[in-house]
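Work through the exercises below with the sequence and the model side by side. Try each task before you read its solution.

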Amino acid sequence: MAGAEFRNVNIVGLTGAVPKNIIRNRDLAHALGDETIERIIQMTGVEQMHKALPEQTAGDLGYTAAEELLGKLQIDRTEIGALVLVTGSPDYIFPSTSYIIHRRLGLPQECMAFDIGLQCSGFVYGLHTCASLLQSMKQRYLLLVVAESFKYENVMKRKKPDNSLAVLNADAGTAMLLERVPEAAPIRTELYAD
């Protein structure tokens with residue numbers, strides 16, 4: 001286990017963005033079967049999900065969340081030392097989607113940017129990475145963005161759609177601003193791989 005406790009990192013704010021497009025899971029019965037859909041809904045409680053339009057990317061959703069957060073907080077963007085994006089559905093293979101969000105937000109060149117390619121465990125790994133990174137930066141803030149935009153059409157075109165992907169992977173973007181402070185309530189993480 002890789003674990004840590006951070007006592008000098010404060011979560012300043014958190015916001016999210018979801019697409020307006022909604023897919024109801026029962027509408028997927030034609031591809032997955034009524035019995036499968038009902039079993040998944042019963043086990044998870046998930047009856048519908050927000051799905052990005054074909055032209056919406058993870059970068060778009062992450063940018064929307066980050067811009068809203070920074071607009072509300074009104075902090076000096078030159079004090080943001082890093083933008084870390086966690087996504088399993090990047091806009092491109094190259095360049096990293098974090099650089100696209102970095103530019104759209106108007107962050108300075110002195111603000112590093114990189115992607116972490118994870119999905120389910122991504123937020124916890126991202127928080128751990130960001131809190132660790134914040135320890136050694138000269139800037140006071142760090143922006144963590146987590147965003148996904150799975151292409152619903154691509155999943156459903158498969159001969160045997162993956163039930164978990166088709167029914168559980170909704171699209172959204174979140175942004176969290178972290179600040180290095182002298183003392184804060186502890187943030188604890190425990191990371192595993194299986």
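**Exercise 1: the sheet**

Find the residue of E8 that stands opposite Val9.

Solution. Val9 stands opposite Arg180 in E8. Strands here are DSSP runs of E with at least two residues, helices are runs of H or I with at least four, and both are numbered from the N terminus. This is a predicted model, in which local features need pLDDT of at least 70, side-chain atom pairs count only at pLDDT 80 or more, and totals for chains, interfaces and linings use all residues. Residues are numbered from 1 along each chain as its sequence is written, and side-chain values use heavy atoms, with hydrogens and water left out.

Now widen the view. E2 and E8 (residues 172–180) pair in the antiparallel sense over 8 bridges. Two strands count as paired if DSSP finds at least two bridges between them. Next, place the pair in its sheet. The sheet is open, has 5 strands in the order E2-E8-E7-E5-E6, and its pairing is mixed. E2 (9–17) and E6 (112–116) stand at the edges with a single partner strand each, so one side of each has no neighbour in the sheet.

**Exercise 2: helices on the sheet**

Which strands does helix H3 lie across?

Solution. H3 (residues 58–73) lies across E2, E5 (80–86), E7 (141–148) and E8. It runs at about 45° to E8. Angles run from 0 to 180 degrees between N-to-C directions, with axes fitted to C-alpha atoms, for helices over the stretch in contact. Helix H5 (residues 122–134) also packs on the sheet, touching E2, E5, E6, E7 and E8. The direction of H5 makes about 165° with that of E7.

**Exercise 3: Thr189**

Decide whether Thr189 is buried or exposed. Then find its side-chain polar contact.

Solution. Start with its strand. Thr189 is found in E9. E9 (residues 187–191) has a covered face of Ile187, Thr189 and Leu191, while Arg188 and Glu190 form the uncovered one. Thr189 counts as buried because its relative accessibility is 4%. Buried means under 20% relative accessible area, exposed over 50%, and partly exposed in between (1.4 Å probe, protein chains only).

Now the partner. The Thr189 side chain makes a polar contact with the side chain of His128, at 2.6 Å. Such a contact is a pair of N or O atoms within 3.5 Å; within protein, one must be able to donate a hydrogen and the other to accept it, and residues adjacent in sequence count only if both atoms are side-chain atoms. Finally, E9 pairs with E1 (residues 2–6) in the antiparallel sense over 5 bridges. In that pairing, Gly3 has Glu190 as its bridge partner.

**Exercise 4: the core**

Which residues of the largest nonpolar core touch the most other members?

Solution. They are Ile80, Leu83, Leu105, Leu143 and Leu177, in a core of 21 residues. A nonpolar core is a set of buried Ala, Val, Leu, Ile, Met, Phe, Trp, Tyr and Cys residues joined through side-chain atoms within 4.5 Å. H3 gives the most to this core, with 6 residues. Look at one member. Beyond four places in sequence, the contacts (heavy atoms within 4.5 Å) of Leu143 include Ala66, Leu69, Leu105 and Leu177.

**Exercise 5: two backbone details**

Where is the loop that holds Pro95? Where is the one that holds Gln74?

Solution. Pro95 sits in the loop between E5 and H4. A cis peptide bond joins Phe94 and Pro95, with omega about 0°. Gln74 lies in the loop between H3 and E5. Its phi is positive, near 50°. Gln74 is exposed, at 63% relative accessible area.
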